[in-house]
Amino acid sequence: MNEVVRKLININGMYGSGAFEKPDFPDLKALLAHMDRFGISASVTCTVEGRDLNPLYGNRKLINDCAALPADMQKRIIPSFVIAPAMLYRQGETEHLLHHFESHGLRCVSFFPATSRCSVREIEKVISKITRFDPIVLIDAWEMKEKIDYRDLSDLAQRFQTVSFVIKQAMWWQCSILIDLMWRHKNIYADISWFHFRDAIKTISNHFGDNRLVFGIGPLAHQGAALASLAYANISTVIRDCIAYGNLEKLLGFDVTEARPVNKTPVNPLWNNFLEGNGLSDLDIIDAHGHIGPPARGWYIPQIEIEEQIAILDKEMTRMGISQLISSPEPALFAHPVSGNLQVEEAVAQFKRAKSGFSGYFVYNPHYADELSQSVLDQFFSRSYFIGLKILPEYWRISLNDTRLLTAWDYAQEHHLPILIHTWENSSGTAAMAGEIAARYPGAIILLGHSGGGDAGRMEAEAAAIAHDNVYLEWCGSFTSRIDWHQTIARVGAHKLVYGTDTFFHDIAWELGRLLSLSLTQEQFKMILGQNMRRILAMRR
C-alpha cells in the first residue's frame, strides 16, 4: 500500500440483516474481512438492525457481537449507536444509550431519518440528552430530503456547536447543499466515500481546511474507489493523513491503535500497482466515456476552459496509463450541437496528442434534427476526430423512440458506429428501450452508458446485453447500483463491458479504482479496459 495512506479508519461501517436489501456484510466477520482486503485499521460501525428494526435491539447486538470477537479484533470496531426520535418514548432505549456514553466511552451515534420516518429536526431532543459528551452524529445523505432536512441540520449545527455532524455518502448532486452547510458551520464534516467528482477532496480542503473530511470506504459495490481517489488526490501527504485517519481521531478524542498489524489481503497485481501511485502500464486502456467543456448542473469543478481541460486530461492519461479518451463535447450536449461539436474538435486538433490520444462522440440532439442532416454528419465523420454518436435522452427530455432520432440510427447502422446512450431506469432512455433500438439496427453498436443506472436499470442492461450481440454495458456511473459487478460479469461476460470514467467531471482514479479492485483475471481486465472497445472501433466503415 502507498505509504501516504498506510493507516485508514473507515467511518461507514455497517453490518447485519435488514428489511430493504440483501446485506453487504451480514456479520462482523464479513466486515472485518472487507477491511483486511483494503488495509483498513478500524471502522466506526453500527448495525442494520438498529436502523431497520429497533435502535435498542441493534445497539445491544453490536455490543454483544463486539464482545464475542477476539480481543485484538474488538479494538478495530468503534461502536456507533443508532438513534431515533421515538427512542425517548420507549422503555429502556434512552437509558441504554446514556449508560454507554457515561460508562463505556461511546462517542458516535448514527441517525437515519428517512428509515425512521421522521425529519432531521425531530432528533433535537435526543441530541440534547447527549450534548455534554460532545458526540459525533453520523447522518447518511441518502436518508435526507434535500431542502427541508438540510435546513433542519443547519439549525441543529447552530444550536449544538460542540456536537460534530458528519454527512456520509454524499455524491455530486448532493454536494451543493453539503458545501453550503460546511461553509455555514464549522462543526459539519463529510466523508469521501461517494466523492466521485473531479478534485472533490482538494476543492473542499482548499475552501474549508484540512480537518473537515474523513475517510469512508462506501458500500461493497464501490470496492476500493474511495481509497484510489485518496491515493491520487492532488493534496499533500499531511492532508492525506488527516483524511485517512487524523481528522476522525481528533473527533473521537483518542488514537486508534491496532493490537496487531492489519494483514492486507492481496486483491490483484493491477490494483496493488495502481494504488502505489504508478498508474498502469503494458495495457491498452480506452476510456470510452468522457466529456470536455464547461460544467453546469451543480458540478463543483474549478477548471472550465476547454484548452485547460484538454491539457489536464493529457497529463492524467499519461499518469494513469490511458491510451485513448473518447469524449462528448459539453457545448454540443447543452448548447448548439453543430457549433459545439466543432468547437471541441478544433480545440483538440490544436493539442499535441490530438491524433493519438483524443477522440470524440458526435452529439446528436434531436431538437436540432433539421440542422443535423446526413450531409452534416458526413462532413464531421470525414475527419478523424469523431468515431461515434452520443445521445442524452433523459437530460434533453426526449424519448429514444423520438422519430427525430431516425437519422442518427440510420447513420450508425450504415457505418457500424458506436452510439453511447445515457441510460437510466424509469426515464425516457432506459436500457430496455436501448435494447429495442439495437434489435432494429443490428449494424449499430449500442453502449449502455452507466449500465442502466440503479439496480432495476442494471438488470435491464444485463438482459439487453445478453439478448443482443451489438449491446455493451459501459462502466462509469454504475456505482448507484448495489448489484455486485462480479455477478454481472459472470452473467453477461467480460467481453460485453467497456470501461469509461465520465471525466472531465468524474474522478478518473475513483472510477478506475472501483474497477481495478474487483477480483477479476488479467484477461478479463484487458478485455474491459481496452480490447472490447478496440474491437468495436475496428467495426466502423
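User: Which elements cover the buried residues of helix 5?

Analyst: One reads the cover of a helix by listing its buried residues and then asking what they touch. In this predicted model, the buried residues of helix 5 (residues 93-103) are Glu 93, Thr 94, His 96, Leu 97, Leu 98, His 100 and Phe 101. Their cover includes helix 3 (55-67), strand 3 (77-83), strand 4 (108-111) and helix 6 (124-130). Just after helix 5, Gly 105 adopts a positive phi of about 70°.

User: Which residues have a positive phi although they are not glycines?

Analyst: Two cases may be described here. Gln 223 has a positive phi of about 50° and is not a glycine. Gln 223 lies in the loop between strand 8 and helix 10 (225-232), and with a relative accessible area of 5% it is buried. Asp 502, also not a glycine, has a positive phi of about 70°. Asp 502 belongs to the loop between strand 16 and helix 22 (508-516); its relative accessible area is 9%, so it is buried.

User: Is Tyr 368 buried, partly exposed or exposed?

Analyst: The relative accessible area answers this, since values under 20% count as buried and values over 50% as exposed. For Tyr 368 the value is 25%, so this residue is partly exposed. Tyr 368 sits in the loop between strand 11 and helix 16 (374-381). Apart from neighbours within four places in sequence, Tyr 368 is in contact with Ala 335, His 336 and Pro 337. His 336 is 32 residues away from Tyr 368 along the chain, while their C-alpha atoms are 8.1 Å apart.

User: In what order do the strands of the open sheet that contains strand 1 run, and which strands stand at its edges?

Analyst: A sheet is read by following the pairing from one strand to the next. Here 8 strands form an open sheet in the order 1-2-3-4-5-6-7-8, with parallel pairing. Strand 1 (9-15) and strand 8 (213-214) are the edges; each has a single partner strand, so one side of each lacks a neighbour in the sheet. Within this sheet, strand 6 (residues 164-168) and strand 7 (residues 188-191) pair in the parallel sense through 3 bridges. Ile 167 has Ala 190 in strand 7 as its bridge partner.

User: What is the strand order in the open sheet that contains strand 9?

Analyst: The order is 9-10-11-12-13-14-15-16, an open sheet of 8 strands with parallel pairing. Its edge strands, strand 9 and strand 16 (497-498), each pair on one side only. Further in, strand 13 (residues 418-422) and strand 14 (residues 445-449) are joined in the parallel sense by 5 bridges, with Leu 420 opposite Leu 447 in strand 14.

User: How many residues of strand 10 are buried, and with which strands does it pair?

Analyst: A strand has two faces, and each is examined in turn. In strand 10 (residues 324-329), 6 of its 6 residues are buried. Gln 324, Ile 326 and Ser 328 are buried on one side, as are Leu 325, Ser 327 and Pro 329 on the other. Strand 9 (residues 286-292) runs parallel to strand 10 and is joined to it by 5 bridges; Ile 292 is paired with Pro 329. Strand 10 also pairs in the parallel sense with strand 11 (residues 358-363), over 3 bridges, where Ser 327 stands opposite Gly 360.

User: What kind of unit do strand 9, helix 13 and strand 10 make?

Analyst: The handedness of the crossover describes such a connection. Strand 9, helix 13 (residues 306-320) and strand 10 make a right-handed β-α-β unit.

User: Which residues have the most contacts inside the largest nonpolar core?

Analyst: In soluble globular proteins, nonpolar side chains tend to be buried together. In this model, the largest nonpolar core has 173 residues, and those with the most contacts inside it are Leu 97, Phe 165, Phe 195, Phe 274, Ile 446, Tyr 499 and Leu 529. A second, separate core of 13 residues includes Ile 286, Tyr 361, Ile 387 and Leu 537. Beyond its neighbours within four places in sequence, Phe 274 has contacts that include Ala 228, Tyr 232, Met 320 and Leu 516.

User: How compact is the protein chain as a whole?

Analyst: The protein chain has 23 helices and 16 strands. Its radius of gyration is 24 Å, close to the 24 Å that the globule rule gives for 541 residues, so the chain is as compact as a globular protein of that length. Buried residues account for 62% of the 541 residues.

Terms used
Residues numbered from 1 in each chain as written. Predicted model: local features only at pLDDT ≥ 70, side-chain atom pairs only at ≥ 80, totals over all residues. Heavy atoms only, no water. Buried < 20%, exposed > 50% of the residue type's maximum accessible area, 1.4 Å probe, protein only. Helix = DSSP H or I, 4+ residues; strand = E, 2+ residues; numbered from the N terminus. Pairing = 2+ DSSP bridges. Right-handed = clockwise from strand over helix to strand, strands pointing away. Rg over C-alpha atoms; globule rule 2.2 N^0.38 Å. Core = buried A, V, L, I, M, F, W, Y, C linked by side-chain atoms within 4.5 Å. Contact = heavy atoms within 4.5 Å.
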